Amino acid sequence: MTDDVFPAVMADLRHGRTRGVVVDSPPGAGKSTLVVRTARHLAGLGEPIAVVAQTNEQVDDLVNNLATAAPDLAIGRLSAQNYAPVARISGHRNVTVDTDVAGLAGTRVVVGTAAKWGMLRDGSWAWAIVDEAYQMRSDALLRIAGRFDRTLFVGDPGQLDPFSTVETERWAGLSWDPQLSAVAVLLRHNLDVPVHRLPVSWRLPATAAPVVSEAFYPFTGFTSGPGPGDRSLRFATRAFGAAPLDATLAEAARSGWALHELPARHSMRTDAEVAQACADTALRLLERGAVTVSERNPDGALVTAERIAIGTAHRDQATAVRQHLPADSGITVDTANRLQGREYDVTVVWHPLSGRRDATAFHLEAGRLCVLTSRHRHSCVVVARAGISALLDAHPSTGRMYLNEIVKFPDGWEANQAVMSHLERHRVAAA
């Protein structure tokens, strides 16, 4: 729990010998709670606080969480020129939105993306919190690190690495490779930076935590806060008229996992049948009146559209899925990059290797599959064409090795094999 780690983190942040402190957090271990609690604690010291996130979605979530937890705390939302406040931001009276820190004078906590912080010409802050720090590129940290006296880095080491739209091979193996995460470079050049870990996931159920831990966190495993039987998924209506989908949902409700497997076939990246199956699965959840029981809702809570997400590897796949959903469905459909850090009751995953002829480094990346399979509180349904295990066997990991390169564990090929080995025990043939 964050209560166990918080005092030690604060002691190192306020009185430690180094200017930085790192907190590693597996999926749903209370990272957001730690960030909000730290921001409130530091705000009480009377000095300005900067909070850095990696995407606008993450910034909005942080601002909303902080404003809800501390309605009397003046919060600034640093934004771009074309930013329009979303409903969860505009509804808070203690939040001010502006494109410049000058317009946020008087606020105690200023939250913005790393890109926006990097555009500021001047200003300094006594304290900074970098959220999703493993998703931040090291060059982005270099641009802003000098503005902060002391910084807390919070993130998930098992999820997506920073990405770039340009080739980065020329820097591979260099200690200042800009493609490395901010935390990787920080720890490589500052061996005395303290690292704390949150050991319990409060998002993942007991059916999921062991699978995700073994596949993606082999050296820093974690456990599930909820015990076996603490959470369940049931349906308010009986199955009728959609046998394959209902069998898949029944397996997901029973075990927390389901592999909805379509016939083997090499397909285009925007496979229309997989897109249709993903959309139909999510809609069928709503039609059946899915109800979750958990420590939050011991009497049961209806799964609404906002509590369902469909995750894909590519943006064009997300677009293909949306075409099979009503325009006002309310179901979240997005890529792993944009779903990172978010939480839902049930997730539907378009497997990155479905229908492929090869297994590229992009599609084998452990962090991508980790994000997609760790967003749920109750059940995860993976939609894919048959043949992924054979594809993995035929394409062992053969990526290039570079001198002095930081080797990341787990290997993407091994992680994919571990997840498929588990999913095959929950396979439901779609035809």
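# Why these labels?

User: Why is E132 called buried?
Analyst: In this predicted model, E132 has a relative accessible area of 4%. Buried means under 20%, so with 4% E132 earns the label. As for where to look, E132 is in the loop between β6 (125–131) and α6 (138–144).

User: And what makes the phi of E132 worth a remark?
Analyst: Its sign. Phi of E132 is near 50 degrees, which is positive, and E132 isn't a glycine. Most residues other than glycine have a negative phi.

User: On to salt bridges. How do you know that E57 forms one with R342?
Analyst: The cut-off is 4 Å between a side-chain nitrogen of Lys or Arg and a carboxyl oxygen of Asp or Glu. For E57 and R342 the closest N and O atoms are 3.0 Å apart, so the pair passes. E57 belongs to helix α3 (residues 56–69), while R342 is in the loop between α12 (336–339) and β17 (344–350), so the bridge ties together parts 285 residues apart in sequence.

User: Why do E57 and R342 count as partly exposed?
Analyst: The partly exposed class sits between 20% and 50%. E57 has 24% relative accessibility and R342 has 22%, so both values fall in that window.

User: What makes R307 and D345 a salt bridge?
Analyst: Here the closest N and O atoms are 3.2 Å apart, and that is within the 4 Å limit. R307 is in the loop between β14 (301–302) and β15 (308–312) and D345 is in strand β17, so this pair ties together parts 38 residues apart in sequence. Salt bridges with shared partners also join E57, D61, R88 and R342 into one network.

User: Which label does each of R307 and D345 get for accessibility?
Analyst: R307 comes out at 23%, so partly exposed. D345 has 8%, so the label is buried, given that buried means under 20%.

User: How do you know that R427 and E261 form a salt bridge?
Analyst: Their closest N and O atoms are 2.9 Å apart, against the 4 Å cut-off. This pair links distant parts of the chain, with R427 in strand β19 (residues 427–429) and E261 in strand β12 (residues 257–262), 166 residues apart. On accessibility, R427 is partly exposed at 41%, while E261 is buried at 14%. By the 4 Å rule, the count of salt bridges comes to 27.

User: Why is α9 called roughly perpendicular to α10?
Analyst: The axes of α9 (residues 243–255) and α10 (residues 272–287) cross at roughly 70 degrees, and come within 10 Å. Angles of 65 to 115 degrees count as roughly perpendicular, so that's the word for α9 and α10. At the crossing, L245, D246 and L249 in α9 meet D280, T281, R284 and L285 in α10.

User: What makes A282 buried?
Analyst: A282, in helix α10, has 0% relative accessibility, and the class takes anything under 20%. Outside its sequence neighbours up to four places away, A282 touches I308, I310, I331 and V348. The C-alpha atoms of A282 and S329 are 9.9 Å apart, with their positions 47 residues apart along the chain.

User: Why is R368 called buried?
Analyst: R368 has a relative accessible area of 4%, and under 20% is what the word asks for. R368 lies in helix α14 and touches L160, A313, A336, N337 and F362, leaving aside residues up to four places away in sequence.

User: What makes α8 mostly covered?
Analyst: Helix α8 (residues 209–216) has eight residues, and six are buried. They are A209, V211, V212, S213, A215 and F216. The buried residues pack against β10 (223–224), β12, α14 (366–372) and α16.

User: How do you know that α16 has close to the expected span?
Analyst: Compare the two values. Helix α16 (residues 412–423) has twelve residues and reaches 16 Å from its first C-alpha to its last, close to the 16 Å expected at 1.5 Å a residue. Among the buried residues of α16 are G412, V419 and L423.

User: Which residue caps the N-terminal end of α16?
Analyst: D411 does, with a side-chain oxygen 2.9 Å from the backbone nitrogen of W413. A polar contact needs N or O atoms within 3.5 Å, so 2.9 Å fits.

Note on methods. Residues numbered from 1 in each chain as written. Predicted model: local features only at pLDDT ≥ 70, side-chain atom pairs only at ≥ 80, totals over all residues. Heavy atoms only, no water. Helix = DSSP H or I, 4+ residues; strand = E, 2+ residues; numbered from the N terminus. Expected span 1.5 Å × (residues − 1). Buried < 20%, exposed > 50% of the residue type's maximum accessible area, 1.4 Å probe, protein only. Polar contact = N/O pair within 3.5 Å; in protein donor to acceptor, adjacent residues only side chain to side chain. Axes fitted to C-alpha atoms, helices over the stretch in contact; angles between N-to-C directions. Parallel < 35°, antiparallel > 145°, perpendicular 65-115°, else oblique. Contact = heavy atoms within 4.5 Å.
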